[in-house]
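Visitor: Please pick a single part of this model and take me through it closely. I'd like the cut-offs spelled out as you go.

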Amino acid sequence: MDKQNETRRVMITLSDQAIAKLDQLVAEKQRELNQIPELAKYNLRLNKSNILEAWLSKQ
């Protein structure tokens, strides 16, 4: 299974509570990213898939 399909499969099985926590984590990481001047100028955006892919790659 490729990374994108695995991420999609995990997102489908998450509970509403887990999705809310993931949204909170995305917002927190986005704030951290925006505080780094060298990266903030590129206007990078995190999303749930980015976070899940990073987490899955560490498993």
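Guide: Contact, as I'll use the word, means heavy atoms within 4.5 Å. Among contacts in the protein between residues at least 6 apart in sequence, 53% join residues at least 24 apart. Before we zoom in, a bit of housekeeping. This is a predicted model, where local features need pLDDT of at least 70 and side-chain atom pairs count only at pLDDT 80 or more, while totals for chains, interfaces and linings use all residues. Residues are numbered from 1 along each chain as its sequence is written, and side-chain values use heavy atoms, with hydrogens and water left out. On pLDDT (the predictor's confidence in each residue, from 0 to 100), the protein has a mean of 83, with 98% of its residues at 70 or more. Of its elements, α2 has the highest mean pLDDT at 89, and α1 the lowest at 75.

The overall layout is quick to describe: four helices and zero strands, running α-α-α-α from the N terminus on. Both kinds of element are DSSP runs numbered from the N terminus, with helices being H or I over at least four residues and strands E over at least two. The C-alpha atoms fill a box of roughly 35 × 25 × 15 Å along the principal axes.

The part I'd pick is α4, residues 48-58. Let's start with its inward side. In α4, Ile51, Leu52 and Leu56 are buried (buried is under 20% relative accessible area, exposed is over 50%, and partly exposed is in between, with a 1.4 Å probe and protein chains only). Looking down the axis of α4, you'd see these buried residues fall within an arc of 125°, so they line one face of the helix; that arc is taken over the directions from the helix axis to the C-beta atoms. Flip to the face turned away from the buried side and you find the exposed residues Ser57 and Lys58. For context, 15% of the 59 residues of the protein count as buried.

What does the buried side of α4 pack against? Its buried residues sit against α1 (3-13) and α2. Take leucine 52: setting aside neighbours within four places in sequence, it is in contact with Thr7, Val10, Met11, Leu14 and Leu22. Two of those names come back in the largest nonpolar core, whose six residues are Val10, Leu22, Val26, Ile51, Leu52 and Leu56. Helices α2 (16-34) and α4 each supply at least two residues of this core, with the largest share, three residues, coming from α4. By nonpolar core I mean a set of buried Ala, Val, Leu, Ile, Met, Phe, Trp, Tyr and Cys residues joined through side-chain atoms within 4.5 Å. In soluble globular proteins, nonpolar side chains tend to be buried together.

Now the start of the helix. A side-chain oxygen of asparagine 47 comes to within 3.0 Å of the backbone nitrogen of serine 49. Just beside that pair, lysine 48 forms a salt bridge with aspartate 23, with the closest N and O atoms 3.2 Å apart. This one links distant parts of the chain, since lysine 48 is in α4 and aspartate 23 in α2, 25 residues apart. A salt bridge is a side-chain nitrogen of Lys or Arg within 4 Å of a carboxyl oxygen of Asp or Glu, and the count here comes to two. Lysine 48 is partly exposed at 26% relative accessible area, and aspartate 23 is partly exposed too, at 37%.

The other bridge lies within α2, the partner helix: lysine 29 meets glutamate 32 at 3.6 Å, N to O. These two are three residues apart, about one turn of the helix. Lysine 29 counts as partly exposed at 32%, as does glutamate 32 at 37%.

Finally, step back to the run leading into α4. Asparagine 43 lies in the loop between α3 (37-40) and α4, and its phi is near 55°, a positive value in a residue other than glycine. Most residues other than glycine have a negative phi. A bit further along, Leu44, Arg45 and Leu46 are in contact with glutamine 30, its neighbours within four places in sequence left aside. Glutamine 30 sits in α2 and is buried, with a relative accessible area of 11%.

Methods
A polar contact is a pair of N or O atoms within 3.5 Å; within protein, one must be able to donate a hydrogen and the other to accept it, and residues adjacent in sequence count only if both atoms are side-chain atoms.
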